[in-house]
Amino acid sequence: MAFEMPATRREAVAEHLREEILSGVLAPGAPIRDAEIAARLDVSITPVREAITELIGEGLVVSTANKRRHVAVLTQRQAIELMDVLGVVTVAALERAVPSLDDGLLDALADTVTRFTQEAGQHHFEESRTGLIDAVRVLLAAADNDELTAMAEQVMLRSLRRITLYPSGHLVPLWVEGWQDMLQLLRAGAGPEAVARLRAFFTELTIRMREDRPLDATVGPAAQG
């Protein structure tokens with residue numbers, strides 16, 4: 001994997017390590033050692049430490065009580081909990097956004113939903129994640145609730161980064177159907193029904209995830225389908 005330098009060394013190191021974690025090059029539980037990474041990427045120790053702090057905030061790296069760091073291990077239970085919390089804030093955003101969703105906002109929402117479902121259909125999960133974030137942000141803008149926005153941004157930062165580790169290819173049709181149904185209901189002026197459909201989607205999603213494997217099983221990018 002080539003190491004390219006973005007705007008700052010911290011950003012470069014963070015993006016490189018993020019790609020290694022999400023691709024499975026750095027396996028779940030692998031130790032994260034500042035000096036080794038600095039030597040491998042030929043950078044100083046400071047941007048490495050800053051990058052690791054960023055990845056800890058995203059939930060991709062874990063820091064233990066003795067200050068040792070390792071790649072996060074995602075269990076089936078944790079993946080379900082992450083998706084459950086994401087569902088709570090997304091449905092809350094939609095419920096509060098419905099009265100303010102004019103044609104312009106609906107068009108913006110449609111664009112983002114189309115983008116993220118198309119990318120998901122091609123198993124471009126990083127691009128799909130970005131599209132989903134944009135879709136939720138349209139809802140948050142319409143909801144116009146600063147506290148909900150702050151909470152949702154934190155949830156998306158943590159949940160959608162970590163959930164990228166989940167082998168989710170088989171769940172793509174469920175995502176596409178759920179979000180497209182919701183959008184059609186909004187276009188038809190059926191706001192409460194759209195909220196109910198999105199809530200039902202997240203419920204079905206977590207049920208399907210519970211059927212995938214035992215709750216204590218470790219999941220990771222190596223199993224991506």
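This passage walks through the domains, core, salt bridges and a few backbone features of a predicted model.

The protein chain splits into two parts, domain 1 (9-71) and domain 2 (76-211). Their C-alpha centres sit 29 Å apart, and the contact draws on 8 residues from domain 1 and 7 residues from domain 2. Putting the two together buries about 640 Å², with 61% of that on carbon and sulfur atoms. On the domain 1 side, three residues do much of the work: L22, E58 and G59 supply 61% of the area that domain 1 buries against domain 2, more than any other three residues. As for charged pairs across this boundary, the count between domain 1 and domain 2 is 0 salt bridges.

Next comes the nonpolar interior. In soluble globular proteins, nonpolar side chains tend to be buried together. Here the largest nonpolar core holds 69 residues, and the members touching the most others are L109, W175, W179, F202, L205 and M209. Helix 4 (residues 76-97) is the top contributor to this core, giving 11 residues. Both domain 1 (9-71) and domain 2 (76-211) give residues to the core, so it lies between them. W175 shows what such a well-connected member looks like: leaving aside residues up to four places away in sequence, W175 touches M83, F116, L132, F201, F202 and L205. Two of these partners, F202 and L205, are themselves in the group that touches the most other core members.

Helix 2 (34-41) gives a neat view of how a single helix can be split between inside and outside. D34, I37, A38 and L41 are its buried residues. Seen down the axis of helix 2, these fall within an arc of 100 degrees, so they line one face of the helix. The background is simple: an α-helix has 3.6 residues a turn, so residues three or four places apart point the same way. A35 and A39, on the other side of helix 2, are exposed. The buried residues of helix 2 pack against helix 1 (9-23), strand 1 (31-32), helix 3 and strand 3 (69-71).

Right after helix 2 comes D42, with a positive phi near 60 degrees. That is worth a remark, since most residues other than glycine have a negative phi. D42 belongs to the loop between helix 2 (34-41) and helix 3 (45-57). With a relative accessible area of 69%, D42 is over the 50% cut-off and so counts as exposed. A second aspartate, D144, also has a positive phi, of about 55 degrees, without being a glycine. D144 is in the loop between helix 6 (125-143) and helix 7 (146-162). Its relative accessible area is 65%, so D144 is exposed.

Turning to charge, side chains of opposite charge can pair when their charged atoms come close. The whole structure has 14 salt bridges. One of them joins E20 to R40, with the closest N and O atoms 2.8 Å apart. Because E20 lies in helix 1 and R40 in helix 2, this pair ties together parts that are 20 residues apart in sequence. The acid of the pair is tucked in: E20 has 5% relative accessibility and so counts as buried. R40, at 45% relative accessibility, counts as partly exposed.

R115 and D134 make another salt bridge, their closest N and O atoms being 2.7 Å apart. This pair links R115 in helix 5 (residues 103-121) to D134 in helix 6, 19 residues apart. R115 is partly exposed at a relative accessible area of 33%, and D134 is also partly exposed, at 23% relative accessibility. Helix 6 appears again in the salt bridge between E153 and R137, where the closest N and O atoms are 2.9 Å apart. In this case E153 in helix 7 pairs with R137 in helix 6, 16 residues apart. E153 is partly exposed, with a relative accessible area of 28%, while R137 counts as partly exposed at 40% relative accessibility.

Salt bridges also join up into a network, made of R10, E11, E15, R18, E54 and E58. E58 has turned up before: along with L22 and G59, E58 supplies 61% of the area that domain 1 buries against domain 2.

How values were computed:
Residues numbered from 1 in each chain as written. Predicted model: local features only at pLDDT ≥ 70, side-chain atom pairs only at ≥ 80, totals over all residues. Heavy atoms only, no water. Helix = DSSP H or I, 4+ residues; strand = E, 2+ residues; numbered from the N terminus. Buried < 20%, exposed > 50% of the residue type's maximum accessible area, 1.4 Å probe, protein only. Arc of directions from axis to C-beta. Contact = heavy atoms within 4.5 Å. Core = buried A, V, L, I, M, F, W, Y, C linked by side-chain atoms within 4.5 Å. Domains from an automatic or database assignment. Buried area = accessible area lost by both parts, 1.4 Å probe. Salt bridge = Lys/Arg side-chain N within 4 Å of Asp/Glu carboxyl O.
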